[in-house]
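Subject: Structure for you to look at

Hello,

I am passing on the structure we talked about. Please open it first, and then read my notes beside it.

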Amino acid sequence: MSDEKNDMTTQTPTKGLPCLSRRGFLLAGSSATVVLAAGCAGFSFPKGTALRIVEYPRKRIASLSDVRAHRPISFSYPEPGPLYNSFLVQLDGEASGGVGPDNSIVAFSGVCTHMGGPLSGQYRRDHAVVGPCPLHLTTFDLRKHGMVVSGHGTDTLPQVKLEIENGEIYATAVMGLIYGLNRNTA
Ligand code: FES
């Protein structure tokens with residue numbers, strides 16, 4: 001079983017599409033920032049897109065064997081506390097930045113990038129999205145790096161970079177700016 005509480009509603013969705021938001025550009029300046037171009041480190045981006053990922057201390061999230069499709073696992077990353085609420089979920093098929101079977105396992109911040117609304121319980125398996133946010137209805141596409149698909153928000157939902165080693169899933173970095181921060185710190 002996961003060492004984190006699973007409190008997200010179960011329920012679902014392409015690969016390598018736009019993911020960089022205005023907030024993403026603001027990530028410049030951190031010494032731990034890594035600039036990745038298309039196709040690097042398991043993430044795939046449109047050709048020519050420069051994307052900044054901030055690396056944090058590696059944290060075990062769950063065993064691969066504990067992951068069930070469409071059953072989100074909640075965790076906090078990179079720090080404890082509600083600002084860093086995040087979730088991991090296995091979608092039906094390949095997702096941008098996904099790991100595991102069919103690259104279908106992804107993880108994201110659980111805090112809406114618009115005004116910090118809680119996204120816990122808002123996973124929708126039929127469309128592989130999280131949302132609508134209970135505050136202003138923003139919905140994010142989990143197959144496309146958390147891209148906004150509707151609602152008031154404009155910034156992509158930060159994606160947690162995952163790695164698998166010896167059957168364990170680890171969080172290693174965050175792509176995008178977590179709501180409430182001026183910049184991601186490491
Ligand atoms: S806080 Fe989520 S849409 Fe406004």
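Below is what I found, starting with confidence and going on to strands, core and single residues.

The model is predicted. Its average pLDDT is 80, and 71% of the residues score at least 70. Two stretches are weaker. Residues 1-41 stay under 50 in pLDDT, although the model gives them 124 contacts beyond four places in sequence. Residues 45-50 are also below 50, with 13 contacts in the model beyond near neighbours in sequence. Where pLDDT is low, the predicted coordinates should not be read in detail.

As for the overall make-up, the protein has one helix and 11 strands. The helix comes at the start of the order from the N terminus, and the strands follow it. Of the 186 residues, 45% count as buried.

I will take the pairing from S3 onwards. Strand S3 covers residues 73-76, and its side chains alternate: Ile73 and Phe75 are buried and point to one face, whereas Ser74 and Ser76 point to the other and are not buried. In a regular strand the side chains alternate between the two faces of the sheet. S3 pairs antiparallel with strand S4 (residues 85-90) over four bridges, and Ser76 sits opposite Asn85 of S4. S4 in turn runs antiparallel to S5, with five bridges joining them. In that pairing Leu88 is opposite Ala107 of S5. S5 also pairs with strand S10 (residues 159-165), antiparallel and over two bridges. There the bridge partner of Ala107 is Val160, so Ala107 is matched with Leu88 as well as with Val160.How enclosed is strand S5? Five of the five residues of S5 (residues 105-109) are buried, so the strand is largely enclosed by the rest of the structure. S5 also shows up in the largest nonpolar core: of its 42 residues, Leu88, Val106, Ala107, Phe108 and Leu142 touch the most other members. The elements that give two or more residues to this core are strand S2 (51-63), S3, S4, S5, S7, S9, S10 and strand S11 (168-175).

There is also an open sheet of four strands, in the order S6-S7-S8-S9, with antiparallel pairing. Strand S6 (123-124) and strand S9 (147-150) are at its edges; each has a single partner strand, so one side of each has no neighbour in the sheet. Inside the sheet, strand S7 (residues 129-130) and strand S8 (residues 139-141) pair over two bridges, in the antiparallel sense. Val129 is opposite Asp141 of S8.

Two polar residues may be worth a look.

Asp141, in strand S8, is buried, because 24 other C-beta atoms lie within 10 Å and the cut-off for buried is 20 or more. Leaving out residues up to four places away in sequence, Asp141 touches Ala128, Val129, Gly146, Met147 and Val149. The C-alpha atoms of Asp141 and Ala128 are 6.3 Å apart, with the two residues 13 apart along the chain.

Gln159 belongs to strand S10. Gln159 is buried too, with 27 other C-beta atoms within 10 Å. Beyond its neighbours within four places in sequence, Gln159 is in contact with Gly97, Val106, Ala107, Phe108, His145, Gly146, Met175 and Gly176. Gln159 and His145 are 14 residues apart along the chain, and 6.3 Å separates their C-alpha atoms.

Some backbone details remain, in the loops.

- The peptide bond from Tyr77 to Pro78 is cis, with omega near 5°; Pro78 is in the loop between S3 and S4.
- Gly131 and Pro132 are also joined by a cis peptide bond, with omega about 5°; Pro132 is in the loop between S7 and S8.
- His70 is not a glycine but has a positive phi of about 65°. His70 lies in the loop between S2 and S3 and is partly exposed, with 18 other C-beta atoms within 10 Å.
- Ala128 has a positive phi as well, near 50°, and is not a glycine. Ala128 lies in the loop between S6 and S7 and counts as buried, with 24 C-beta neighbours inside 10 Å.

Regards

Note on methods. Residues numbered from 1 in each chain as written. pLDDT = per-residue confidence, 0-100. Contact = placed C-beta atoms within 7 Å. Buried ≥ 20, exposed ≤ 12 C-beta atoms within 10 Å, placed from the backbone. Pairing = 2+ DSSP bridges. Core = buried A, V, L, I, M, F, W, Y, C linked by C-beta atoms within 7 Å.
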